[in-house]
Amino acid sequence: MMESRGFHNIAANRGVSVSTAADSSALLSIENVADEPIDGEGEEVIRLTNRSNVPFQSFTFDVSVGSGLTIAEEFDDGELVPDESTSLYLSCESGSGGGYTAVDVAIEEANGGSIAVTDLSRSYLIERDCPGGSDDPFFDVEITDTNSPIGEGDTLEVDARIRNTGIETDTQEVVLEIGNEQRDGETVELDGGEEGEIELQWTETVAGTYDAIVRTDDEEDSTTVEVESDEAYTIEHVSLSDGGGNDIDVTVEVSTDDSDAILEIISWQGDEQRDRKTVSAEDGTYSIAGRRQADQVQVNLRDGDDSVRHTVWREWNR
């Protein structure tokens, strides 16, 4: 286990509210009205109310409902007069059992005459007591932010929200994986229905475009991050094509004034290396084995001292 920088509980009361518009809550409110666990169909869960003294004529919503519940009836469109409400109704998902489900609601835009509200969001953990299924702990993960792009050698920071959507308490190792390697990890303990935030880091960054994956024992989330290159060593372009037989053709364009620089091309199946070759750092198309096995190709630009200066990963759909 790698060094922990602290896990932040943000949902001991089972519901989290975040508003990014300072005066939005004075005009419109989003609230959780599910006082009892959801155990059937079409139960009112989230209520939107016009708290202003003018009608709102238009809304743009973004609603996300995690596993265990499904949308039975979404917010009504159209006018919302002062003190009027519209609601989101949820139903049990077949065989989902007990636990908690994450429900995120955001008003991307709402207009009422001269009044406009944007970016008003709420996130809740809704308790469910649905028929069937399992009450076992389940650690849901969502990447919420990164500091990408960063410079080569800087520290990449990846923020994630972890939710235990089960009923029982559990402890899991949450890890950050980049380039088929674990870069950081932290042990997290959560009660049923509890959630918190975690920051994971990668400190020995090499220039390139990567998929950053945050993984629990139950689920993973990923996002693309960019480590910007030293201009003296840049991979401008990488594309993959069928090379025939068991080969993948890798077309590369590079920019470097180091005559001793080399390209290292590697094909991967998961975390297993299928093939590897090195060539002079020149534009060209190079064949590597793995068309029937590999799912990723890695291209490294190395300087004359054999240090990696820029890396690009590409997915290969075999």
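Is Cys 92 buried or exposed? In this predicted model, Cys 92 has a relative accessibility of 17%, and since buried means under 20% relative accessible area, Cys 92 counts as buried. Cys 130 likewise counts as buried, because its relative accessibility is 5%.

These two cysteines are joined to each other by a disulfide, with a distance of 2.1 Å from S to S, and the count for the model comes to 1 disulfide. Cys 92 belongs to strand β7, which spans residues 85–92, whereas Cys 130 is found in the loop between β10 (120–129) and β11 (139–146), so the pair ties together parts that lie 38 residues apart in sequence. The torsion about the S-S bond of Cys 92 and Cys 130 is about -85 degrees, and the disulfide is therefore left-handed.

In soluble globular proteins, nonpolar side chains tend to be buried together. In the model, the largest nonpolar core holds 28 residues, of which Leu 28, Ile 46 and Leu 48 touch the most other members. At least two residues of this core are supplied by each of the strands β3 (28–32), β4 (43–50), β5 (58–65), β7, β8 (98–112), β9 (115–117) and β10, and β8 gives the most, with 4 residues. Apart from this core lies another one, of 25 residues, which includes Phe 139, Ile 178, Val 206 and Val 214. When residues up to four places away in sequence are not counted, the contacts of Leu 28 include Leu 48, Phe 56, Phe 59, Leu 80, Ile 107 and Val 117, and among them are also Thr 49, Asn 50 and Arg 51.

Aromatic rings were examined next. The count comes to 5 aromatic pairs, one of which is formed by Phe 56 and Phe 59, with 6.4 Å from centre to centre and 35 degrees between the planes, an arrangement that is tilted. Both Phe 56 and Phe 59 are buried, and ring pairs link these two residues with Phe 61 and Phe 75 into a cluster. A tilted aromatic pair is also formed by Trp 268 and Trp 313, with 6.3 Å from centre to centre and 35 degrees between the planes. This pair links distant parts of the chain, as Trp 268 lies in strand β21 (residues 262–269) and Trp 313 in strand β25 (residues 308–315), 45 residues apart. Trp 268 is buried, and Trp 313 is buried as well.

Strands of a sheet pair through backbone hydrogen bonds, either parallel or antiparallel. One open sheet consists of 4 strands in the order β3-β4-β7-β6, and the pairing is antiparallel. Its edge strands are β3 and β6 (69–73), each of which pairs on one side only, and neighbouring strands of the sheet are turned against each other by 25 degrees on average, direction ignored. The antiparallel strands β3 and β4 are joined by 5 bridges, and Asn 32 has Ile 46 in β4 as its bridge partner; Ile 46 is also one of the residues that touch the most other members of the largest nonpolar core.

A further open sheet is formed by 3 strands in the order β19-β20-β23, again with antiparallel pairing. Here β19 (233–242) and β23 (284–289) are the edge strands, each pairing on one side only, and the twist from one strand to the next averages 30 degrees. Strand β20 (residues 247–256) pairs with β23 in the antiparallel sense over 6 bridges, and the bridge partner of Val 252 in β23 is Gly 284.

Methods: Residues numbered from 1 in each chain as written. Predicted model: local features only at pLDDT ≥ 70, side-chain atom pairs only at ≥ 80, totals over all residues. Heavy atoms only, no water. Disulfide = S-S within 2.5 Å. Buried < 20%, exposed > 50% of the residue type's maximum accessible area, 1.4 Å probe, protein only. Core = buried A, V, L, I, M, F, W, Y, C linked by side-chain atoms within 4.5 Å. Contact = heavy atoms within 4.5 Å. Phe/Tyr/Trp six-rings, centres within 6.5 Å; stacked < 30°, edge-to-face > 60°. Pairing = 2+ DSSP bridges. Axes fitted to C-alpha atoms, helices over the stretch in contact; angles between N-to-C directions.
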